[in-house]
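Where does this chain enclose empty space, and how are its buried side chains grouped? The paragraphs below take these topics in turn.

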Amino acid sequence: MSVAKAVLSVLLVFASLNAQADTSIRSVAVLSLAGNSLALHVQRHQVGSRTDSAPVEVRPIDDPVFDQVAIIAARSSLLKLLPDAKLNLMTTQDKGLYSAQNDLFEHPEQHVDDREYLKTLLKEQGVSHAIVISKFRGVAAIKLVDATVGSGALEGLGFYVDDMIETLNRRDDTRSRGMVAPFAYVRVRLVEAESLKVVGEGTAKQSFVIAHPSADSSGMDTFNKMTGADKIKHVRTALECAMEAILAGVLAR
């Protein structure tokens, strides 16, 4: 190899390294748009039959508590995955961003003003990238030990209640009637702050079962006895599982 070619090769290597450094994740804003509502799906059984779909009640949430839960859950995983990056946790009350959320990225031409507003928010944070958590809609698949159950579709955060299903705890052989399953069905995007270009994306469907030993209780009985703090705790657990399962793949791009 000639001296000129060797020098050119070295310059190209340095240029490549500089390009990688310019696009590296130096600082990340974490924003959740998934927590403005809590869904309640109730699967009821009739004598001799089973209903075909789960009725759903979507309860608007004005308090940012569930968005705070979402970004804290993301932060826990990001601290392990990006130990050198600066993290900025964000919440917003802007109804336009909540309403658009996935369409901000899937149909950007229809949400120019919302995208410009989001760019402004991120610029104020001085970050290179953002993790945006939004709702994901998918077929209900509540995880049991060796199977899944569920009817209808779940979206975002909430609770799936089966009023009469019978379950068996294999650890102590206790039987239960009725179950409550907190769930987090979310989409996570890694975007460049300046352009909102999506550079990583993934979805998660996380749930777990709460069943109290009883021969005659129902799932709604279990749900109604939960305190507000219990419900927040259970949603947090589902979100922590979701973030742990998805963020490494999103960051891998």
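Strands are DSSP runs of E with at least two residues, and they are numbered from the N terminus. The lining of a cavity consists of residues that have an atom within 4 Å of one of its grid points. The model described here is predicted.

The cavity is taken up before the cores. With a threshold of 30 Å³ or more, the count is one cavity. The space in the largest cavity is about 40 Å³. Its lining is made up of Leu-38, Ala-39, Leu-40, Arg-59, Phe-159 and Phe-223. Strand 2, which spans residues 37-43, gives the most to this lining, namely three residues. Sorted by class, the lining holds five nonpolar residues, one charged residue and no polar ones.

The nonpolar cores come next. In soluble globular proteins, nonpolar side chains tend to be buried together. The largest nonpolar core in this model has 41 residues, and the members that touch the most others are Ile-131, Ile-133, Val-186, Leu-239 and Met-243. Helix 7 (residues 228-252) supplies the largest share of this core, with nine residues. A further core of 18 residues lies apart from it, and includes Tyr-98, Leu-122, Ala-130 and Leu-196.

Ile-131 can be followed from the largest core outward. When its neighbours within four places in sequence are left aside, Ile-131 contacts Val-28, Ala-29, Val-30 and Leu-31, and also Leu-78. The remaining contacts of Ile-131 are with Val-188, Arg-189 and Leu-190, together with Leu-247 and Leu-251.

Leu-196, named above as a member of the 18-residue core, sits in the loop between strand 12 (174-192) and strand 13 (198-207). Its phi is positive, at about 65°, although Leu-196 is not a glycine. Is Leu-196 buried or exposed? Its relative accessible area is 2%, so Leu-196 is buried.

Strand 12 also contains Arg-187. Buried means a relative accessible area under 20%. Arg-187 counts as buried because its relative accessibility is 17%. Which side chain does the side chain of Arg-187 meet in a polar contact? The partner is the side chain of Glu-201, at 3.0 Å. Outside its neighbours within four places in sequence, Arg-187 is in contact with Asn-102 and Glu-106, with Val-132, Ile-133, Ser-134, Lys-135 and Phe-136, and with Glu-201, Gly-202 and Thr-203. One of these contacts, Ile-133, is among the residues that touch the most other members of the largest nonpolar core.

Note on methods: Residues numbered from 1 in each chain as written. Predicted model: local features only at pLDDT ≥ 70, side-chain atom pairs only at ≥ 80, totals over all residues. Heavy atoms only, no water. 1 Å grid on protein atoms, 1.4 Å probe; cavity = no way out; pocket = protein on both sides within 12 Å on 5 of 7 lines; lining within 4 Å. Points joined across faces, edges and corners; volume = space filled by probe spheres on them. Helix = DSSP H or I, 4+ residues; strand = E, 2+ residues; numbered from the N terminus. Nonpolar A, V, L, I, M, F, W, Y, C, P; charged D, E, K, R; others polar. Core = buried A, V, L, I, M, F, W, Y, C linked by side-chain atoms within 4.5 Å. Buried < 20%, exposed > 50% of the residue type's maximum accessible area, 1.4 Å probe, protein only. Contact = heavy atoms within 4.5 Å. Polar contact = N/O pair within 3.5 Å; in protein donor to acceptor, adjacent residues only side chain to side chain.
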